[in-house]
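Hi,

Here is the structure I promised to pass on. Have a look at it first, and then read my notes below with the viewer open.

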Amino acid sequence: MIYWRLSGFYLFYFASLGALLPYWGLYLESLDYSVTEIGQLVAILMATKIVAPNIWGWIADHTGNRMLIIRIGSLLAAITFAGVFISDGFWSLALVMTVFSFFWNASLPQFEATTMNHLGDDLHRYSGIRLWGSIGFFLAVSGLGTILGITGTGILPAVLMGLFVLIWLSSLAVPESAAGHLPLDQEPLRQVLGRRVVVSLLLVCFLVQASHGPYYAFFSIYMERFGYSTTLIGQLWALGVFAEIIIFMLVPMLLPRIGARTLLLAAIVLTTLRWLLTALFPDRLGVMIFSQTLHAASFGLYHAVMIALIHSLFVGAHQGRGQALYSSISFGAGGAVGALLSGYLWTDMGPRAMFLVAAVTSLAALLVVHFGMRNIPET
């Protein structure tokens, strides 16, 4: 059944993220890299998303072989990541992460387009498939938190290598027919990009993901500074993803009834609250637990709405590049800027400053939605 084949790819892809995002910074810290260097290395993972998804999206849209692109990208990502085991310094590791992430970032936007094309008019069913990615993330982050607390972070590269191989194997199970490639006879992409609502949407993508930069790059190290154990840090990450899974189950009901714009506004308001709480009360476990439940809004609800809006605004043969633009501008440019600046903010102003700036950044995204996205398509 195609549902399980699509879900399997999400399961392993986001399990790799569940191993990478929470613990990569701790692994780099164990190798005696500075906070600034960690921020730079994490920014590389994000920065390649600025270019890579658009290159692969253009190839996929013009060849009609979207799943072939995903398979090639997944295989080359696994092969090039092996360079981590032989890198012996900052610059060699930076080179490995650059090449690896160029191929790794090829897969997800094209797979998102494949899933949305397969769903056709039933776009609200997307979150029912995507939640398996959240389950994968949850299992990885919760399981590894305990394991790494016992063994240390040295085994992390081997765990990641295994997950990257599983991503490639799962891509082999999805047929090319699921991608539903469409002909290229429609309005030029530049006309789509010239619309005010599209410009505003992409700006919101950049700002919201930039506000997540401190979280993805430094949350684990931040919590460690306030006395949290690796096991407890893993549980906090897992709690956030558990909340994300719940909201993915509810989105198919919420989106048709409430509407995309209202849900997007609510998601960004709660995102701003989350970063304020993280900045002001990191030493209060109860507040951090509540703050982590807001991941349901800051990522889960926000992402489900954004995927639906991108699919509605970038139609037909532009779907691959639409998802690629979403990935490159948000997780790429936004994530890279957020991670890079966070390292400098921590060094110059202290760790809490990172999350205060994150709150201001998400507040700016709220203003863009309010003034620039008054008329957005129904999904």
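**Serine 74 and its neighbourhood**

Let's start with serine 74, which lies in helix α3. Keep in mind as you read that this is a predicted model. Is serine 74 buried or exposed? Its relative accessible area is 4%, and the cut-off for buried is under 20%, so serine 74 counts as buried. The side chain of serine 74 has a polar partner: a contact of 3.2 Å joins it to the side chain of serine 107. If you skip the residues within four places in sequence, serine 74 is in contact with Phe9, Ser107, Phe164, Ile167 and Trp168.

Now find isoleucine 70, which also has its place in helix α3, the helix that covers residues 66-81. Isoleucine 70 has 0% relative accessibility, so it counts as buried. Which residues does isoleucine 70 touch, not counting those up to four places away in sequence? They are Phe9, Ser107, Gln110, Phe111, Thr114 and Ser171. Serine 107 turns up here again, and it is worth checking the distance: isoleucine 70 and serine 107 are 37 residues apart in sequence, but their C-alpha atoms are 4.7 Å apart in space.

**Two more buried residues**

Next, go to serine 291 in helix α13, which runs over residues 285-293. At 0% relative accessibility, serine 291 is buried. Outside its neighbours within four places in sequence, serine 291 is in contact with Arg274, Leu277 and Thr278. Look at arginine 274 in particular: its backbone oxygen lies 3.4 Å from a polar atom of the serine 291 side chain.

Then there is tyrosine 326, found in helix α15 (residues 319-349). Its relative accessibility is 2%, so tyrosine 326 counts as buried. What does the side chain of tyrosine 326 make a polar contact with? The partner is the side chain of histidine 303, at 2.9 Å. Leaving out residues within four places in sequence, the contacts of tyrosine 326 are Cys205, Tyr302, His303, Met306, Ile307, Ile310 and Phe331. For a feel of the distances, try tyrosine 326 and threonine 153: they are 173 residues apart in sequence, and 32 Å separates them in space, C-alpha to C-alpha.

**How two pairs of helices pack**

The first pair to try is α12 (residues 260-280) and α16 (residues 351-372), which pack at an angle of about 165° with their axes 8 Å apart. An angle over 145 degrees counts as roughly antiparallel, so that is how α12 sits relative to α16. The crossing of these two helices, α12 and α16, is left-handed. On the α12 side, the contact includes Leu264, Leu265, Ile268, Val269 and Trp275, while on the α16 side Phe355, Leu356, Leu363, Leu366 and Val369 are among the residues taking part. Sorted by type, the residues of the contact of α12 with α16 are 16 nonpolar, five polar and two charged.

The other pair is α1 (residues 2-30) and α10 (residues 213-225). What angle do α1 and α10 pack at? It is about 65°, with axes 7 Å apart. Angles of 65 to 115 degrees count as roughly perpendicular, so α1 is roughly perpendicular to α10. The crossing of α1 and α10 is right-handed. From α1, the contact is made by Leu21, Pro22, Gly25, Leu26 and Glu29, and from α10 by Tyr216, Ser220, Ile221, Glu224 and Arg225. The contact of α1 with α10 divides into five nonpolar, two polar and three charged residues.

**Less buried spots**

Aspartate 32 is found in the loop between α1 and α2. With a relative accessible area of 70%, aspartate 32 is exposed. Take a look at its backbone too: aspartate 32 has a positive phi of about 70°, although it is not a glycine.

Last stop: threonine 146, in helix α6 (residues 126-151). Threonine 146 counts as partly exposed, at 39% relative accessibility. Its C-alpha atom is separated by 26 Å from that of phenylalanine 248, which is 102 residues away along the chain.

Cheers, and enjoy looking around!

Key:
Residues numbered from 1 in each chain as written. Predicted model: local features only at pLDDT ≥ 70, side-chain atom pairs only at ≥ 80, totals over all residues. Heavy atoms only, no water. Axes fitted to C-alpha atoms, helices over the stretch in contact; angles between N-to-C directions. Helix = DSSP H or I, 4+ residues; strand = E, 2+ residues; numbered from the N terminus. Parallel < 35°, antiparallel > 145°, perpendicular 65-115°, else oblique. Left-handed = near helix turned anticlockwise from the far one by under 90°. Contact = heavy atoms within 4.5 Å. Nonpolar A, V, L, I, M, F, W, Y, C, P; charged D, E, K, R; others polar. Buried < 20%, exposed > 50% of the residue type's maximum accessible area, 1.4 Å probe, protein only. Polar contact = N/O pair within 3.5 Å; in protein donor to acceptor, adjacent residues only side chain to side chain.
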